[in-house]
Amino acid sequence: MDVYFFMLEAVPCENNPESEYLGGAFVNCWVKAETMENAFDEVVKYLEIQDWEFVRIEDEYITERERYLDKPESLECYDEACEYGASGIFYTYPIEDAPEN
């Protein structure tokens, strides 16, 4: 299995307490899966477990551990994805910085 990287945008679900003060997040996700499609399905599930809703993909690709050797936080997420199937980092922004729909 490969590890896939996704950079995406998400918003907190209504039942997520963070929805009171967060407008959304850009999320870096690492997922271990057989195909890009399977990895994307797992990303959506991962977000749902965290009470976040997928908005759009910014970037996606197959990745390797060597890419993160000088980036400790990303390396930790890569290794967690290898061990547990998925991991991510949420870069949140406040409601006032959320794009208007």
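**Exercises on helix H1 and the sheet**

Helix H1 is followed by Asp51, whose phi is positive, near 65°. Helices (H or I, at least four residues) and strands (E, at least two) are DSSP runs, numbered from the N terminus. The model is predicted: local features need pLDDT of at least 70 and side-chain atom pairs pLDDT 80 or more, while totals for chains, interfaces and linings use all residues. Residues are numbered from 1 along each chain as its sequence is written, and side-chain values use heavy atoms, without hydrogens and water.

**Exercise 1.** Determine which residues of H1 are buried and where they lie around the axis.

*Solution.*
1. Locate the helix: H1 spans residues 36-49, which is 14 residues.
2. List the buried positions (under 20% relative accessible area; exposed is over 50%; partly exposed in between; 1.4 Å probe, protein chains only): Ala39, Val43, Tyr46 and Leu47.
3. These residues lie on the same side of H1, because they cover an arc (of directions from the helix axis to the C-beta atoms) of only 95°.
4. Turn to the face away from the buried side: Glu37, Glu48 and Ile49 are exposed there.

**Exercise 2.** Establish the strand order of the sheet and identify its edge strands.

*Solution.*
1. Read the order of the four strands in this open sheet: S3-S1-S2-S4, with antiparallel pairing (at least two DSSP bridges between two strands).
2. Find the strands that pair on one side only: S3 (52-63) and S4 (86-94) are the edges.
3. Examine one pair: S1 (residues 2-12) and S2 (residues 22-33) run antiparallel and are joined by nine bridges.
4. Take a single position: Asp2 has Ala33 in S2 as its bridge partner.

Note on methods
Expected span 1.5 Å × (residues − 1).
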